[in-house]
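Reader: I should like a close look at a single part of this structure, with its surroundings then set out in one connected account. Please begin with the part itself and widen the view from there.

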Amino acid sequence: MLLQPITDHAKIVHYSFNEKASISRKITVIALLSTMAATLQAAGLFISPLATAPAILSMVLSVRYGLIGYLLTLFLLFLIQPNE
């Protein structure tokens, strides 16, 4: 299992997230990832490139919830840092 291609691992994570998680758990996970991405983006110059990791992870979990998480991250950044 450890030497599988990365796409196989992504498929396993995607399947387990979509089939086994409830809607409230999905929304909670995406909200936490969005909050983490917004916080990392607002943190500063050297930490802000790490903000793409939660966005990519939410897209791996589900494309639909990944787009919702991306929009939520943008909204949170407008609230945290309106001048950027």
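Author: Ile 56 belongs to helix α3 in this predicted model. Because its relative accessible area is 54%, and exposed means over 50%, Ile 56 counts as exposed. From Ile 56 to Leu 40 the chain runs 16 residues, and the C-alpha atoms of the two are separated by 14 Å.

Helix α3 also takes part in the largest pocket: the elements that each give two or more residues to the lining of this pocket are α2, α3 and α4, the last of these spanning residues 63-80. The lining consists of 15 residues, and those that lie nearest the centre of the pocket are Ala 37, Ala 51, Ala 55, Tyr 70 and Thr 73. The volume of the largest pocket is about 210 Å³.

Thr 73, one of the residues nearest the pocket centre, leads on to helix α2, as Thr 73 is among the residues touched by Ser 34. Ser 34 is found in helix α2. Its relative accessibility is 3%, and since buried means under 20%, Ser 34 counts as buried. Leaving aside residues up to four places away in sequence, the contacts of Ser 34 are with Gly 69, Leu 72, Thr 73 and Leu 76.

A second residue of helix α2 is Thr 39. Thr 39 has a relative accessible area of 45% and is therefore partly exposed, whereas Ser 34 is buried. Thr 39 and Ile 23 are separated by 16 residues in sequence, and their C-alpha atoms lie 24 Å apart in space.

Between α2 (23-43) and α3 (52-61) runs a loop, and Ile 47 is found there. With a relative accessibility of 39%, Ile 47 falls between the two cut-offs of 20% and 50%, so Ile 47 counts as partly exposed. Ile 47 is also part of a nonpolar patch on the surface, which Ile 47 forms with Leu 45, Phe 46 and Leu 50. Together these four residues have about 500 Å² of accessible area.

Phe 46, a member of that patch, provides a link to helix α4. Leu 67 is found in helix α4 and is partly exposed, because its relative accessible area is 47%. In space, the C-alpha atoms of Leu 67 and Phe 46 are 25 Å apart, with a sequence separation of 21 residues.

The protein chain as a whole supplies the setting for these details. The chain contains 4 helices and 0 strands, and the pattern read along the sequence is α-α-α-α. Its C-alpha atoms fill a box of roughly 45 × 30 × 15 Å, taken along the principal axes. Of the 84 residues in the chain, 24% are buried. The chain exposes about 6100 Å², and carbon and sulfur atoms supply 73% of this area. Among the contacts with a separation of 6 or more, residues 24 or more positions apart account for 63%.

To return to the starting point, Ile 56 is an exposed residue of helix α3, and helix α3 is one of the elements that give two or more residues to the lining of the largest pocket.

Key:
Residues are numbered from 1 along each chain as its sequence is written. This is a predicted model: local features need pLDDT of at least 70, side-chain atom pairs count only at pLDDT 80 or more; totals for chains, interfaces and linings use all residues. Side-chain values use heavy atoms; hydrogens and water are left out. Patches are made of residues with over 30% relative accessible area and no salt bridge: like charges are joined within 9 Å, nonpolar side chains (Val, Leu, Ile, Met, Phe, Trp, Tyr) within 5 Å. Accessible areas come from the Shrake-Rupley method with a 1.4 Å probe; for residues, only the protein chains shown count as cover. A salt bridge is a side-chain nitrogen of Lys or Arg within 4 Å of a carboxyl oxygen of Asp or Glu. Buried means under 20% relative accessible area, exposed over 50%, partly exposed in between (1.4 Å probe, protein chains only). Contact means heavy atoms within 4.5 Å. On a 1 Å grid over the protein atoms alone, a cavity is a set of points where a 1.4 Å probe fits but cannot get out, and a pocket is an open set with protein on both sides within 12 Å along at least five of seven lines; lining residues have an atom within 4 Å of a point. Grid points are joined across faces, edges and corners, and a volume is the space filled by probe spheres set on the points.
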